[in-house]
Structure formats: structure tokens, C-alpha cells
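Me: I would like a close look at one part of this model, taken slowly and with its surroundings. Please begin with a single strand and work outward from there.

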Amino acid sequence: MRWVWALLPLGFGLALWQAAVMVLQVPHFILPGPARVAGALWENRALLAENAVVTVTEVLVGLALGAVLGWATAIGLALSPPARRLVRPLLVFSQAVPVFALAPIFTLWFGYGMGSKVAMALLIIYFPVTSAFFDALVSTPPAWLQQARVMGAGPVRVMWHVRIPAALPGLLSGLRLAAVYAPIGAIIGEWVGASRGLGYLMLLANGRAKIDLMFATVIVVAVLTLALHRVVDALANRLEAGRRG
Amino acid sequence: MTAPPGLCFSGRVLAGAVEILAPVELRVPAGQWTCLLGASGVGKSTLLQCFAGLGDGLVLDGTAGATDGRALAGRVAMMAQADLLMPWLSVRENVMLGARLRGVRGDKGRAVELLRRVGLEALAERRPSALSGGQRQRAALARTLYEDRPVVLLDEPFSALDVATRARMQELAAEVLRGRTVLHVTHDPAEAARLGERVFVLTDQGLSEVATDEGQPMPRPPDDGETLAVTGRLTRLLLDAA
């Protein structure tokens, strides 16, 4: 019975959408109804799948690189107070620059292909990943650190055997956020300049007044993002359960 | 284990401009069990930590070291009120944590032997979350023993346990730590009367030594007349100081 309750909000949303179309008498080139969009989804399934593969690849590569880079930065900052003083203000500043503004520059630097989209996805997740993990790394219970010191551990082994495992929840919460942000980065990258991918397909459909295809693309993006979030969340929950024992 | 040194402390501890341990002098005899009794906030844990390495922001204005003049680093093990078991490691891995942290191969056989000694061999591969409070403290004791250090610092390790568990833990600790230099910080007069071969009381007025029942080897029975009398004297001292 649980799946019924899971599907109920979806059905309610679709009904609301259909009702809006019927009551407001909106022309279908402004707001197509769910049936029309479903039709467009089915008709364009090959086109959507082909472009989805591109976007998903960008998202996954960006997610992996951004996460690894973010974790490495967090560990570096946690190990070295001078690095912290030097780099942290820069990190915060990088967050003040709107990513949208950087997209054209990234296209210039990394080209029209996947490189610039991966860079966008990476940039958008880098800060949340770094800061969530860093905050967790510097809040190890002081008594654990003192115990490790008394046992004769150096800073690197304390990091590896105490601080990182203790900070795992922070690492995972950053990763959960990243799973939702990374697709945004890739899509922005594709809007600014691309010849493939779901973001590109959205603009193409919009330009050709194929609004039903545009909605279909938006739905694919949303579903993919949700799926990615689910996968990462399940993975994170497993890791956390293993840690607690 | 090398021959245990005595400990000597002389000085005060500052946190910025605030004095959190007033000037005091303490000599802990080698190879004996010394209790340091005092009310909360009087600085007794801070004094103990001077031998283990002070936390951030605390400064020792004075000296804390071994009576043989050699450095204490690598010769001290510590056990606190919080068991400090790592939740992601098994009980046995927690016992061998020191080896892991020093990057040397752990001695699995010895860890299991120590767990047997504290009565936990059946739980060796379980996670700490599966253990009761008393069992967790026994695991912490096994971890302390695994370090095999001549000096052992105890920071109220039994204060969170119920009365019966505490009494059993006191006996176990007394048995397995015999022959080492033990500095045991506690706020429980009965505990000091049972375990202390030397007992010092730290109050706002300073440090004073209280005679214990030297005829009776420790751990003394908790219901022994002389032990109860010492408990009473210690309690009176703490009361008068408060």
C-alpha cells in the first residue's frame, strides 16, 4: 500500500495541472496539458534519451570531480591553519560570484563540449561539499584528539583514523546536497553554449515553439535529479549505518 | 613495560588571563596508586592533563614531568569518564587503536587476551553501541592496558557507573594496573578511600594529604570500618572547604 501513498501526490499534481489548463483555457503553446506532454515524452523518447546520456555523463563526472576536490580541500584546510587563513576567504568570495556569470567564461576556457559543463557542475557543488566536510572535520570531540595524542599519533594518522571517520556525516550531507546541485550546473552550462544535452534540448524546443517537448525535457531533468538524489541518499545511509554498527 | 617513574607537578594553569588551577605542588610516588580528590571545577582534571598534554588555549606556568627526568611522552596512558570508544570500530579494534594510530602492526592475540581479562572476550567483535555502560568502561580499560604504559592517568573513569558496577570496576582496575604509577582523579571520597595508597585533597585552599589505612592493601572492602572512617574524614574535608 505504500506505493499508493507515494503516487497519490503525483496524481494530485497532474490533476491540478490538467484542471488549470482546462479552467484557464490556456492555449497549448503556452501551457500544454499533462496528456500532451506525455505524448511528447513518448514521441521524442529517442531524442530525450540521447541527450539525457550527455547530461547525465556531465553531471556524474562533475559530481565525482567536485566531491573529490572538495574533500581534498577540506582535509587540507583542516590540517593546516595557515592554509585556512589563506584559502577560506577566497572560497567564500567564490560563492559570491554568480555561477551564471561564469558560464560564458567556462565555455571560452573549456570549449563548447562537455568540459565546460563538467566545470560548471564541479564549481556549483565544490563549496557545499568543502564546507560541510570541513565543518565536520574541525569539530572532532577534543577528548578523542587528546586520547590520540597521548597514544602517540601524528596529525596525518589522527586525520585518517579519527577525524575523517568522525566527520563522515558531514561528508555525506555535503554529497547529498551536491547530488541535487550538480544537474543545475550542467544545465546552466548547456544553456550558455552546447550542441547536445537536455539544457540544449530545452532551448531548442523553446526556439521552435515545441513547448510540449520543452516541458517533457524539464520533466526528464527533474526525474533524473530525483533519481540521482535517491541513489546518493541510499548510498550515504548505508555508509552511515556501517559506521554506527 | 619499563620501570614506572614518579610524577611531579609544580605550578599553575592559565586560560588566557584566568587562573584555572591555582599554584600547587604535587609529588606522585612511583609504582603506587595515588588519588587526587576534589570538588568539581577545582582544577584536578586540569592538573592531570598537564601530564598528558594540555588542550588548546591552556598554558602551564610551571613544570609537570617524571621524577626520573626523562620525557613522559610515550610512557603515559589515559582513561577518562567518557569511554572514548570509536563507534565505527569493533571492541577489539578499539583496544588496538593505539597501534593503528602509531602506524604499527596490532597484536590481535594480546588484544583478545586483555579483553578476556576484563571479561569481554565474547563481545570482542561487536561494536561499542552493543555494550552497556559498564562494559564500555571495561573495553576502555582493556584499551588502556593494551598501551602497556608505566604511568596511567585516570580521570574519573568510574563516575558514570552505577554503584555495584563501579565497585567491580574499581577492583578490576586495581588488579590489572598494580605496579604502575597511577594518578586517579576523582570526586568520590569512598573511591579514594578504597583505592588510594596515597590520597591528596585539592580545594580552593590548596593541596593537602590525608592518611589512608596503610595496613590494608587496596582495593579495600567498601564496608571495612577503617575505609569508611577515611571516607568520612575525606567527606568532612570537602564539606569544610566548600
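Reply: Strand β3 of chain B, residues 33-38, is mostly covered, for six of its six residues are buried. The model is a predicted one, and what follows should be read in that light. The cover on β3(B) extends to both of its faces, with B:Trp33, B:Cys35 and B:Leu37 buried on one side and B:Thr34, B:Leu36 and B:Gly38 buried on the other.

The pairing of this strand can be followed in two directions. Five bridges join β3(B) to strand β7 of chain B, residues 181-186, and these two strands run parallel. Five bridges also join β3(B) to strand β8 of chain B, residues 198-203, again with the strands running parallel. B:Thr34 serves as a useful point of reference for both pairings, since its bridge partner in β7(B) is B:Leu183, while its bridge partner in β8(B) is B:Arg198.

B:Leu183 leads from the strands to the nonpolar interior, because B:Leu183 is among the residues in contact with B:Leu153 once the neighbours of B:Leu153 within four places in sequence are left aside, and a contact here means C-beta atoms within 7 Å. The other residues that B:Leu153 touches on that reckoning are B:Leu48, B:Phe51, B:Ala52, B:Val76 and B:Met78. B:Leu153 is itself listed among the residues with the most contacts inside the largest nonpolar core, which has 127 residues, and that list also includes B:Phe51 and B:Ala142 from chain B as well as A:Ala121, A:Ile125, A:Phe133 and A:Ala182 from chain A. The largest share of this core, 17 residues, comes from helix α6 of chain A, residues 114-137.

Chain B holds another sheet that can be set beside the parallel pairings of β3(B). This is an open sheet of three strands in the order β2-β1-β4 of chain B, and its pairing is antiparallel. Its edge strands are β2, residues 18-28, and β4, residues 58-66, of chain B, each of which pairs on one side only. Neighbouring strands of this sheet are turned by 5° against each other on average, with direction ignored. Within the sheet, strand β1 of chain B, residues 7-15, pairs with β2(B) in the antiparallel sense over eight bridges, and B:Ser10 has B:Glu25 as its bridge partner in β2(B).

From here the view can be widened to the other chain. The contact between the chains takes 22 residues from chain B and 18 residues from chain A. On the side of chain B that touches chain A, the elements giving two or more residues are β5, residues 76-80, and α3, residues 97-102, of chain B, and α3(B) gives the most, with five residues. The residues on that side of chain B divide into twelve nonpolar, six polar and four charged.

Helix α8 of chain A, residues 155-166, gives a closer view of how the chains pack. Its buried residues are A:Val158, A:Val162, A:Arg163, A:Ile164 and A:Ala166. These buried residues of α8(A) pack against α3 (45-79), α6 and α7 (142-150) of chain A, together with α3 of chain B.

Chain A as a whole comes to eleven helices and zero strands. Its C-alpha atoms fill a box of roughly 75 × 50 × 30 Å, taken along the principal axes, and 38% of its 245 residues count as buried. Among the contacts in chain A between residues at least 6 apart in sequence, 78% join residues at least 24 apart.

A few backbone details remain, and they are best read against a general expectation. Most residues other than glycine have a negative phi, and most peptide bonds are trans. In chain B, a cis peptide bond joins B:Met218 and B:Pro219, with omega about 0°, and B:Pro219 lies in the loop between β9 (206-210) and α8 (225-241) of that chain. In chain A, A:Gln25 has a positive phi of about 55° although it is not a glycine, and A:Gln25 lies in the loop between α1 (2-24) and α2 (34-43) of chain A. A:Gln25 counts as exposed because it has 6 other C-beta atoms within 10 Å, where 12 or fewer is the limit for that class. A:Ala209 likewise is not a glycine and has a positive phi, of about 60°, and A:Ala209 lies in the loop between α10 (198-207) and α11 (211-244) of chain A. With 10 other C-beta atoms within 10 Å, A:Ala209 is therefore exposed as well.

Conventions. Residues are numbered from 1 along each chain as its sequence is written. Chains are lettered from A and ligands numbered from 1 in the order in which they are written. This is a predicted model: local features need pLDDT of at least 70, side-chain atom pairs count only at pLDDT 80 or more; totals for chains, interfaces and linings use all residues. Two strands pair if DSSP finds at least two bridges between them. Helices (H or I, at least four residues) and strands (E, at least two) are DSSP runs, numbered from the N terminus. Axes are lines fitted to C-alpha atoms, for helices over the stretch in contact, and angles run from 0 to 180 degrees between N-to-C directions. A nonpolar core is a set of buried Ala, Val, Leu, Ile, Met, Phe, Trp, Tyr and Cys residues joined through C-beta atoms within 7 Å. A residue is buried if 20 or more other C-beta atoms lie within 10 Å of its own, exposed if 12 or fewer, and partly exposed in between; C-beta atoms are placed from the backbone. Two residues are in contact if their C-beta atoms, placed from the backbone, lie within 7 Å. Ala, Val, Leu, Ile, Met, Phe, Trp, Tyr, Cys and Pro count as nonpolar, Asp, Glu, Lys and Arg as charged, and the others, Gly among them, as polar.
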